[in-house]
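I opened this entry to look up how aromatic rings pair up and where charged side chains meet them. My notes follow in the order I took them.

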Amino acid sequence: MKKFFLTVKSFLKETDILLFSLCIITSTFGLLMVYSATRYTLKDGAHFSREFIIMLLAVFLGIIAALFLSYFDYQVYTKFWPVIAVFCVLIMLALFKWGTGPSSRPDARTWLSIGPINFQPSELVKIGFIITFGVHLDKLKEKINNIFSILQLGAHAAVPIVLVAATGDMGSALVFMVIAVVMMFVAGVHWGYFLGGIALVGAATPLIWTYVLKQLQKDRFLALIYPDLYPDIIYQQQRGLNAIGAGGITGQGLFNGAYTQAGAVPESQNDMIFSVVGEELGFIGCIAALLLIVLITVRIIYVGKKSSEQSTNLICTGMAAMIIGQMIINVGMCLMLLPVIGITLPFFSAGGSSNLCIYLGIGIVMSIYRHNCDTGAVNIRVYDSLKN
């Protein structure tokens with residue numbers, strides 16, 4: 001028994017308690033907001049909504065998964081990056097046969113239905129892509145600015161971007177692009193390549209608009225410029241912005257938001273959860289929510305900088321880019337600066353897939369932290385056994 005407690009003590013000592021605590025605090029904040037956003041839907045004496053329960057279970061399972069993943073040497077994951085890459089491609093291809101979409105997008109193929117549960121594979125593929133792309137960048141570090149290296153990296157990034165976009169999830173495709181660009185920049189890719197990429201995207205914009213974007217996606221862009229011409233499209237964002245404005249500095253009070261409690265903002269528990277924070281907790285609550293997310297990303301970047309390997313630094317960079325990128329896009333949607341493209345606010349929006357998978361990413365970061373801890377390592381070093 002004494003040995004068990006010593007093992008637990010050593011395990012906790014090697015765990016990044018600060019990052020872990022920040023994530024739990026932020027998820028608790030998010031759960032409270034989702035509970036408030038869905039209270040108006042409760043019927044027949046129910047105490048919790050289905051969305052809240054799914055998110056709570058996802059966070060709970062995610063926390064356990066994060067601790068489990070952190071227990072193993074991160075090199076177990078980086079060593080088998082080709083297996084991860086193949087799995088990510090296969091699970092995305094599965095969507096074209098068995099995928100389903102939300103009722104508003106019957107043409108989309110973004111979810112896999114497993115019994116009563118809908119799982120969004122792109123959330124898991126984000127984590128897999130960050131691992132594989134980080135290892136790929138590290139392998140090319142000596143010739144990172146060779147044109148053939150850039151073409152390899154471009155092809156690597158294009159695979160998930162194209163597959164995700166083809167399922168109808170343009171929002172996640174954009175997040176993949178953000179992750180890839182940030183990781184390549186940190187890896188030392190010359191700025192000239194980024195300028196070339198920007199020029200290429202600019203030149204391809206008319207083709208993307210004409211042949212890639214669906215009519216609904218085009219309308220969401222146009223609605224920001226001509227809101228009066230697209231009242232049905234811009235309705236959600238206008239209501240969300242009005243809710244945020246109604247909150248003022250200190251908010252209308254938890255569970256007291258007029259828009260929120262009347263269900264006046266569509267999907268307030270998901271894409272528009274920031275409007276719930278703004279209406280009920282005001283500007284102060286919004287700053288607190290964003291600050292928590294920023295602190296998590298700063299801590300992840302710190303873990304990467306602390307690491308002795310470039311691949312782990314890049315993996316942490318990718319995780320931070322994913323979280324902060326989604327935060328910027330989601331808040332931009334809620335403030336009517338960007339069109340609605342179905343991006344969740346990390347740790348806050350309801351949804352089992354996003355909340356579970358983000359903790360898988362946190363688990364990888366915690367594994368990197370544990371591997372570089374100066375205290376005596378007592379955790380399982382599976383990678384060492386693989387080498388022997």
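**Aromatic rings**

I started with Phe48, which is partly exposed at a relative accessible area of 45%. I note that the model is a predicted one.

I then ran a search for aromatic pairs over the whole structure, and it returned 12. One of them I looked at is Phe48 with Phe52: the ring centres are 5.2 Å apart and the planes meet at 15°, so I logged the pair as stacked. The cut-off for stacked is under 30 degrees. Phe52 has a relative accessible area of 11%, so I put Phe52 down as buried, while its partner Phe48 is partly exposed.

Next I looked up Tyr71 and Phe72. Their ring centres lie 6.0 Å apart with the planes at 85°, so this pair is edge-to-face. The cut-off there is over 60 degrees. I have Tyr71 as partly exposed, with a relative accessible area of 24%. Phe72 counts as buried at 18% relative accessibility, because the limit for buried is under 20%.

I also followed the ring pairs outward from Phe48 and Phe52: they link these two with Tyr35 and Phe255 into a cluster.

**Charges over rings**

Which ring does the charged end of Arg39 sit over? I found that it is the ring of Phe255, with the charged end 4.9 Å from the ring centre. Phe255 is also one of the cluster members noted above.

I recorded a charge over a ring for Lys306 as well: its charged end sits over the ring of Tyr369, 5.3 Å from the centre.

Methods: Residues are numbered from 1 along each chain as its sequence is written. This is a predicted model: local features need pLDDT of at least 70, side-chain atom pairs count only at pLDDT 80 or more; totals for chains, interfaces and linings use all residues. Side-chain values use heavy atoms; hydrogens and water are left out. Rings of Phe, Tyr and Trp (its six-membered ring) pair if their centres lie within 6.5 Å; planes under 30 degrees apart count as stacked, over 60 as edge-to-face and the rest as tilted. Buried means under 20% relative accessible area, exposed over 50%, partly exposed in between (1.4 Å probe, protein chains only). A charge sits over a ring if NZ of Lys or CZ of Arg is within 6 Å of the ring centre and within 35 degrees of the ring normal.
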